[in-house]
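User: I'd like to go through this one with you before I set anything up. Could you take my questions as they come?

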Amino acid sequence: MSRRISEVRMESTVGQTVVLRGWIHRLRKQKEKAFIILRDDRGDIIQAVSPSNLTENLTIESSVEITGRLERDDRAIEGGYEVKVNKIVVFNIAASDYPIGEYQSDEILLDYRHLALRTRKLINVGKIRGSLLKYSRGWFDRKDWIEVTPPLLVKGAVEGGATLFEVKYFDNRAYLSQSSQLYLESMIYSLGPVWTISPSFRAERSRTVRHLAEFSHLEAEIPWIGLSELMSIQEDLINHIITMIKTFNKKELNFLSTDALSKLEEISTPFQKISYEEAIDTLRSMECKIKDQNGSERIIEWGDDLNTESERELTKDKTSPIFVTGYPMKIKPFYVKQDPSNESIGLAVDLLAPYGFGEISGGGIREDDWSKLRARIEQSNLKIDDYLWYLDLRKYGSVPHGGFGLGIERFLRWILNFDDIKDVTLFPRTMSRILP
Ligand code: 4AD
Ligand code: MG
């Protein structure tokens, strides 16, 4: 029976016959013998040496089953074991023009993403991504919060009309969901705290290292919650995920980055909390500039949204994430609740990752008053008919509530210390890319 490389690469298997299935990762043919690096379906690799006559037709990426004796060989890569092959069964001889070699441009790796998934970098990214999802689910399971799957074909904008993807919906028009928030809000009345990891879509016209057109969105919504409890929840969730990754994904982390692990070791709780106002003061003291609508540069001031550059300035010297609370109402969406002690401020909170990475999550307390919410929807130039169902939630048994949305790829980009969000995404969707 065939086994995985990780199951046989050990002292107790030395001298035994092992059967391994996988792909020819590297191949060096000599006159008498051929040296194979075999990669299995978990991305592990092992050296194998075979009589040349068994490898005559073999090419890179051919799929095979090898049988042979496991031996110790200190010169062998990855742990000093080698298989002395005596039989090879071929499933498929790969075409000889495999487009991905050892060193490849980023563009080629994106054009051939379906094959680039087999590179060791993307194998390790894929494993950490899977772990991150697993540990997130573990945290919610432990709290016994119900997981839900909201609709993704919707009628209304959540995060502004500019980034909506329109789709033909039978004889009508619909949009791809920008956030599941409004639907999660409707569920707390009967399911209590709920959460989801669902795709969200944004027609982002900008090409940046932190924006995707489709991303994995972890969102949660909780009844009877205030801003400080909302922050504690996020802190606890993120701390849990990072602790698990530090403990169980050391190998992948160290493969992908020389300093990711040590940077994660420096994270401490509680995360610092600053107000938007303090953030603006700090940025002004640094003379941080922004471009206004007509393209001219000026120093940032109260009322401006924090953009990529200002978030970078705020977090570049931090080693742990920071919460920024109390954004001006005018730069936040219609659903944000006003601070009862200051009308111009909304009970919104963003979490910014350290080392300049910036925003990874956004959320806050929701407006729970029917007439205030209706007025805000109208002021935002949204079609009220599309939000009547949402307004009903404030009409029939409204309760104070809040929630947040964490971008999985933004989170991963920070954890792995990667520059480009595309590198943590298996099939990135951007303005210029929807294939493969
Ligand atoms: O800040 P955003 O737009 O907030 C919301 O969607 C809220 N409705 C969430 C909620 O309260 N339930 O998005 C939340 C997070 C961001 O902080 C960011 O991490 C991620 O989603 N995100 C993106 N990630 C990749 N590409 C994009 N274009 C993203 N837009 C948002
Ligand atoms: Mg945001």
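**Ligand shell, helices and a loop serine**

User: Let's begin with a loop residue: what does S62 touch, leaving out residues up to four places away in sequence?

Analyst: Bear in mind that this is a predicted model. With those sequence neighbours left out, S62 touches G22, W23 and I24, and also N92, I93 and A94.

User: And is S62 buried or exposed?

Analyst: S62 is buried, because its relative accessible area is 0%, and the loop in which S62 lies runs between β3 (45–51) and β4 (63–72).

User: Switching to the ligand, which residues come nearest to ligand 1?

Analyst: There are 23 residues around ligand 1, and those that come nearest are E159, Q181, E219, E359 and I360.

User: What polar contacts should I look at there?

Analyst: An N or O atom in the side chain of E359 is 2.6 Å from an oxygen atom of ligand 1, while a polar backbone atom of S361 is 3.3 Å from an oxygen atom of the ligand. On the nitrogen side, a nitrogen atom of ligand 1 is 2.9 Å from a polar backbone atom of L212.

User: How much of ligand 1 does the protein bury?

Analyst: The protein buries 94% of the 620 Å² that ligand 1 exposes when taken alone.

User: Which strand gives the largest share of the shell, and what is the shell made of?

Analyst: The largest share comes from β19, with 5 residues, and β11, β19 (358–365) and β20 each supply at least two. By character, the shell around ligand 1 divides into 8 charged, 9 polar and 6 nonpolar residues.

User: Q181 was in that nearest group, so what about its helix?

Analyst: Q181 belongs to helix α6 (residues 181–191), where Q181, L182, L184, E185, M187 and I188 are buried. The cover over the buried residues of α6 includes β10 (194–201), β11 (214–223), α13 (388–395) and β20 (401–407).

User: What follows α6?

Analyst: G192 follows α6, and its phi is positive, near 70 degrees.

User: Last one: how many residues of α14 are buried?

Analyst: In helix α14 (residues 408–415), 8 of the 8 residues are buried, so the helix is largely enclosed by the rest of the structure. The buried residues include the charged-type side chains you might ask about, E409, R410 and R413, alongside I408, F411, L412, W414 and I415. After α14 comes N417, whose phi is positive, near 60 degrees.

Definitions and conventions
Residues numbered from 1 in each chain as written. Chains lettered and ligands numbered in written order. Predicted model: local features only at pLDDT ≥ 70, side-chain atom pairs only at ≥ 80, totals over all residues. Heavy atoms only, no water. Helix = DSSP H or I, 4+ residues; strand = E, 2+ residues; numbered from the N terminus. Buried < 20%, exposed > 50% of the residue type's maximum accessible area, 1.4 Å probe, protein only. Contact = heavy atoms within 4.5 Å. Near = heavy atom within 4 Å. Polar contact = N/O pair within 3.5 Å; in protein donor to acceptor, adjacent residues only side chain to side chain. Areas by Shrake-Rupley, 256 points an atom, 1.4 Å probe, with all protein chains shown as cover.
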